[in-house]
Amino acid sequence: MQLKTEEVELTAGPGETLVEMRLAAVTPLDRSTLAGELPCTPFVPGSEGTGVVLSSDVAEPGAAVVVRGEGVGLTRQGVWGRYAVVPNAAVHALPSSLEPAAALALLTPALTAHTAVRRVAGVLEGETVVVTGVSGLVGRMCAAVARAAGAAKVIGLVWVDDSVDTATALVDQIVRVDGLGQVGREMPWCDAVVDTMGGPVTGGVLGNVSPGGRIAVLGFKAGEFTTIDLHQLIGRDLRVLPVNLQRTSLAPDAVGQALADIASATWRADYDVVGADRIGEVLDRQAGRVLLDLTALPVG
């Protein structure tokens, strides 16, 4: 696949927004698109980016936005350019508390947390929610999303030796779990669990889910196998729900909602910013989040 810079004329039509792009992410979707059949030739890659609105019938000119979805960079032209014309539904407001680069770098874990908490676990206002592995980034985001969804109480579950400095502001209580997955006695009853740990922790925490409650299993860093007490499962009418990100379609407002949910917290985002003219150097890099500085491209 050969990448090169060309000048093209862009005009936004009905239902479209013209964005002056500033940053774009290099995502697994972009790599897959470049490695396979492209929708058309020539094709502009890029499925996620940030920029400023120039013209739109849904956003104010000058508004900072995130662009993602609606086939952008997959079935229609993407955002790896100084400008992009995208469907209105692919334009999402960028919360003022989030720096554009940080928002772009945090978008994937934020959407993961959004899917787990709002779509799969279906957390409701007033509920008590347990998030296992709350010392990790996705776990902390799940706690933030649960709070934004209206949870009355958020409990964070961590290993006995985990540091919780970054999580204490997001939860009401920290509960420790030992290496065998045994949950501390101070663990309260809850309506829902978002489980990022898996393994024996899943079976252990299930004993504290109230009748009619559910556990959304997102990860299995603690192990791929668990033991479930079927008497508890059936007798208390509990639900074990897998969070399968490949098979769960995002709602139209998911990106904006996910960013809004995490906007009130402070996050550390790891990413490298490189000039878009160096894209050939970074496509082979599999580790780390890479953002392209699109302002390095000529304006025309």
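## Where two helices meet

In this predicted model, one helix contact brings A103, L106, L107, A110, L111, H114 and R118 of α2 up against A254, V255, Q257, A258, L259, D261 and I262 of α6. Sorted by class, the residues in this contact of α2 with α6 are 10 nonpolar, two polar and two charged.

How are the two helices placed against each other? A pair of packed helices is described by the angle between the axes and the distance separating them. Here helix α2 covers residues 100-120 and helix α6 covers residues 254-262; they pack at an angle of about 100°, and their axes lie 8 Å apart. Since angles of 65 to 115 degrees count as roughly perpendicular, that makes α2 roughly perpendicular to α6.

## A parallel sheet

Let's turn to the strands. Six of them build an open sheet with parallel pairing, and their order is β8-β7-β6-β9-β10-β11. Which strands stand at the edges? They are β8 (173-177) and β11 (239-242); each has a single partner strand, so one side of each is left without a neighbour in the sheet. On average, neighbouring strands of this sheet are turned by 20° against each other, with direction ignored.

Within this order, β9 is followed by β10. Strand β9 spans residues 190-195 and strand β10 spans residues 209-217; the two run parallel and are joined by five bridges. One residue pair to look for in your viewer is D195, which stands opposite V217 in β10.

## Around strand β3

Another place to look is strand β3, residues 64-68, which is mostly covered: four of its five residues are buried. Strand β3 pairs with β2 (residues 48-55) through five bridges, and these strands run antiparallel. Here G51 has V65 of β3 as its bridge partner.

Strand β3 is also joined to β5 (residues 91-93), by three bridges and again antiparallel. In this pairing, V66 stands opposite H92 of β5. As general background, side chains in a regular strand alternate between the two faces of the sheet.

## The chain as a whole

Stepping back, the chain holds seven helices and 13 strands. Its radius of gyration is 21 Å, close to the 19 Å that the globule rule gives for 300 residues, so the chain is as compact as a globular protein of that length. The C-alpha trace spans about 65 × 35 × 35 Å along its principal axes.

How much of the chain is buried? Of its 300 residues, 49% count as buried. Among contacts with a separation of 6 or more, 67% come from residues 24 or more positions apart.

Terms used:
Residues numbered from 1 in each chain as written. Predicted model: local features only at pLDDT ≥ 70, side-chain atom pairs only at ≥ 80, totals over all residues. Heavy atoms only, no water. Buried < 20%, exposed > 50% of the residue type's maximum accessible area, 1.4 Å probe, protein only. Pairing = 2+ DSSP bridges. Axes fitted to C-alpha atoms, helices over the stretch in contact; angles between N-to-C directions. Parallel < 35°, antiparallel > 145°, perpendicular 65-115°, else oblique. Contact = heavy atoms within 4.5 Å. Nonpolar A, V, L, I, M, F, W, Y, C, P; charged D, E, K, R; others polar. Rg over C-alpha atoms; globule rule 2.2 N^0.38 Å.
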